[in-house]
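User: I should like a close look at one part of this protein, followed by an account of how the remainder is arranged around it. Please examine the structure shown here.

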Amino acid sequence: LITALSSAADDFVLVGAQAMTFDITQTRTSKDCDFVLNVLALRQSTQSIDGVLKQLNYSVVSESRNFQFTKDIPGSPEKMRIEFLASDKQKRPNDFRVDVKEQIHARECAGAEIVLAQSESILLDGKLPDGKPTKVKIMVAKPNAILMMKLLAMDDRHRNISGADEARHDRERA
């Protein structure tokens, strides 16, 4: 994905469990990748994110309404999931989604600005699914930014911003 996005990949910052693997030896396992998007930069980009996802055989998770995508993991019955997050300050009125580009949305995320400001470029050296060797630069959130984002999410859940129907679920998650 990062290779196919070309220069637009600089506006995708890896967060969550996958990002923590760069700083912590034992992290929880995860088959998903969460990205905080620099929405303003991506809106100016000519890169078609939707086109790249289709080219790489990602499918939209229907209930996510274009902010989560899955794809089969080669040689495995498992699926990989990616999720796009963006600043809660850029969300639609009365909605949790942020419009990024045509057919691409992100879920609002408190602390996204911190992640964008507190990230670093890391060089990955590995193989693409077709076996070709590759080196790719990926933007990764620093641990302090991930921690702040998680604390803000816990606060939102504890205060139950989702509404009465989700109160028990939100407090248990917090």
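How many bridges join strand S5 to strand S7, and do the two strands run parallel or antiparallel?

Analyst: The model is a predicted one, and the description below should be read in that light. Strand S5 (residues 79-87) and strand S7 (residues 104-109) run parallel and are joined by three bridges. Within this pairing, Ala 86 stands opposite Glu 108 in S7.

Strand S7 also pairs with strand S6 (residues 97-101), here in the antiparallel sense and over four bridges. Val 98 has Ala 106 of S7 as its bridge partner. S6 and S7 form a hairpin with two residues between the strands, and in this hairpin Gln 103 takes a positive phi near 70°. S7 is thus described by two pairings, a parallel one with S5 and an antiparallel one with S6.

Charged side chains occur in this part of the chain as well. Side chains of opposite charge can pair when their charged atoms come close. Arg 92, Asp 95, Arg 97 and Asp 99 are linked in a network of salt bridges; Arg 97 and Asp 99 fall within the range of S6, residues 97-101. One link of the network joins Arg 92 to Asp 95, with the closest N and O atoms 3.2 Å apart. The two partners fall into separate accessibility classes. Arg 92 counts as partly exposed because its relative accessibility is 24%, while Asp 95 counts as buried because its relative accessible area is 15%, under the 20% limit.

A further salt bridge involves S5 itself. Lys 79, at the start of the range given for S5 (residues 79-87), forms a salt bridge with Asp 72, and the closest N and O atoms are 2.7 Å apart. Lys 79 has a relative accessibility of 48% and therefore counts as partly exposed. In total, the model contains nine salt bridges.

The residue after Lys 79 in sequence, Met 80, offers a link to another region. Its C-alpha lies 9.1 Å from that of Ser 30, although the two residues are 50 apart in sequence. Ser 30 is placed in the loop between helix H2 (16-20) and strand S2 (32-37). Leaving out residues up to four places away in sequence, Ser 30 touches Ala 17 and Gln 18.

S5 is also represented in the nonpolar interior. The largest nonpolar core has 42 residues, of which Phe 35, Leu 37, Ile 49 and Phe 84 touch the most other members. Strand S9 gives the most to this core, with five residues. Phe 35 shows how separate segments meet: apart from neighbours within four places in sequence, its contacts include Ile 82, Glu 83, Phe 84 and Leu 85, as well as Phe 12, Val 13, Leu 14, Val 15 and Ile 138.

Several of those contacts lead to a second set of paired strands. Strand S1 (residues 12-15) pairs with S9 (residues 133-141) in the parallel sense over two bridges, and Leu 14 has Val 140 of S9 as its bridge partner. On the antiparallel side, S9 pairs with strand S8 (residues 119-127) over nine bridges; here Lys 127 stands opposite Pro 133. S8 and S9 form a hairpin with five residues between them, and Gly 131 in the turn has a positive phi of about 95°. The side chains of Asp 130 and Lys 132 meet in a salt bridge at 4.0 Å, N to O, and both residues are exposed.

A nonpolar group is also found on the surface. Ile 114, Leu 147, Met 148, Leu 151 and Met 154 make a nonpolar surface patch of about 420 Å². Helix H6 (residues 143-158) supplies the largest share of this patch, four residues. Leu 147, placed in helix H6, counts as exposed because its relative accessible area is 52%, over the 50% limit.

For the protein as a whole, the secondary structure comes to seven helices and nine strands. Of its 174 residues, 38% count as buried. The exposed area is about 10,300 Å², with carbon and sulfur atoms supplying 49% of it. Among contacts between residues at least 6 apart in sequence, 52% join residues at least 24 apart.

Methods
Residues numbered from 1 in each chain as written. Predicted model: local features only at pLDDT ≥ 70, side-chain atom pairs only at ≥ 80, totals over all residues. Heavy atoms only, no water. Pairing = 2+ DSSP bridges. Buried < 20%, exposed > 50% of the residue type's maximum accessible area, 1.4 Å probe, protein only. Core = buried A, V, L, I, M, F, W, Y, C linked by side-chain atoms within 4.5 Å. Contact = heavy atoms within 4.5 Å. Patch = residues over 30% accessible without salt bridge, like charges linked within 9 Å, V, L, I, M, F, W, Y side chains within 5 Å. Areas by Shrake-Rupley, 256 points an atom, 1.4 Å probe, with all protein chains shown as cover.
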